[in-house]
Amino acid sequence: MKLYKPKFWNKKNFLSILLFPISLIVQLFAFIKQKSVKSLNFNIPIICLGNIYVGGTGKTPTSILIAQEMYKSGKNPVILKKF
């Protein structure tokens, strides 16, 4: 399936002209945040399970399965939950 952008994105109208300066400000803040956040490196492997959905996508059963398999292979996994 090929995706195409909406045709209204190519048109300039009052709303698009009005929102353009705001988009520049948002881009500036995103750039500043990206440069100011310090990344951390860890000497242990990290597996991150998650997505934009709040519930019902199977994150908890998948986490449990991965932890059980790691226990079987002699590892000591830790599960953290971010609120």
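## A friendly tour of a predicted model

Isoleucine 22 counts as partly exposed, because its relative accessibility is 47%, a value that falls between the 20% limit for buried and the 50% limit for exposed. Please keep in mind as you look around that this is a predicted model.

Where does isoleucine 22 sit? Its home is helix 1, which covers residues 14–36. Isoleucine 22 also belongs to a nonpolar surface patch of about 610 Å², made together with Phe14, Leu15, Leu18, Leu19 and Val26.

Moving along to helix 2, you will meet a salt bridge between lysine 72 and glutamate 69, whose closest N and O atoms are 3.4 Å apart. A search of the whole structure finds one salt bridge. Why are these two residues separated by about one helical turn? Lysine 72 and glutamate 69 are three residues apart in helix 2 (residues 59–72), and so about one helical turn lies between them. As for their surroundings, lysine 72 counts as exposed because its relative accessibility is 66%, whereas glutamate 69, with a relative accessible area of 42%, is partly exposed.

Next comes the largest pocket, which holds about 1,100 Å³ of space. Its lining has 30 residues, and those closest to the pocket centre are Ile47, Leu49, Ser63, Ile79 and Leu80. How does the lining divide by residue type? There are 17 nonpolar residues, nine polar ones and four charged ones.

Isoleucine 79, one of the residues closest to the centre of that pocket, is placed in the segment after helix 2. Is isoleucine 79 buried or exposed? It counts as exposed, because its relative accessibility is 55%.

Isoleucine 46, for its part, is found in the loop between helix 1 and helix 2. With a relative accessible area of 58%, isoleucine 46 is therefore exposed.

Each of these two isoleucines can be paired with another residue, and the table sets separation along the chain beside distance in space.

| Pair | Separation in sequence | C-alpha to C-alpha distance |
|---|---|---|
| Isoleucine 79 and cysteine 48 | 31 residues | 9.7 Å |
| Isoleucine 46 and tryptophan 9 | 37 residues | 40 Å |

To find these pairs in the viewer, start from isoleucine 79 in the segment after helix 2, then turn to isoleucine 46 in the loop between helix 1 and helix 2.

Note on methods
Residues numbered from 1 in each chain as written. Predicted model: local features only at pLDDT ≥ 70, side-chain atom pairs only at ≥ 80, totals over all residues. Heavy atoms only, no water. 1 Å grid on protein atoms, 1.4 Å probe; cavity = no way out; pocket = protein on both sides within 12 Å on 5 of 7 lines; lining within 4 Å. Points joined across faces, edges and corners; volume = space filled by probe spheres on them. Nonpolar A, V, L, I, M, F, W, Y, C, P; charged D, E, K, R; others polar. Patch = residues over 30% accessible without salt bridge, like charges linked within 9 Å, V, L, I, M, F, W, Y side chains within 5 Å. Areas by Shrake-Rupley, 256 points an atom, 1.4 Å probe, with all protein chains shown as cover. Salt bridge = Lys/Arg side-chain N within 4 Å of Asp/Glu carboxyl O. Helix = DSSP H or I, 4+ residues; strand = E, 2+ residues; numbered from the N terminus. Buried < 20%, exposed > 50% of the residue type's maximum accessible area, 1.4 Å probe, protein only.
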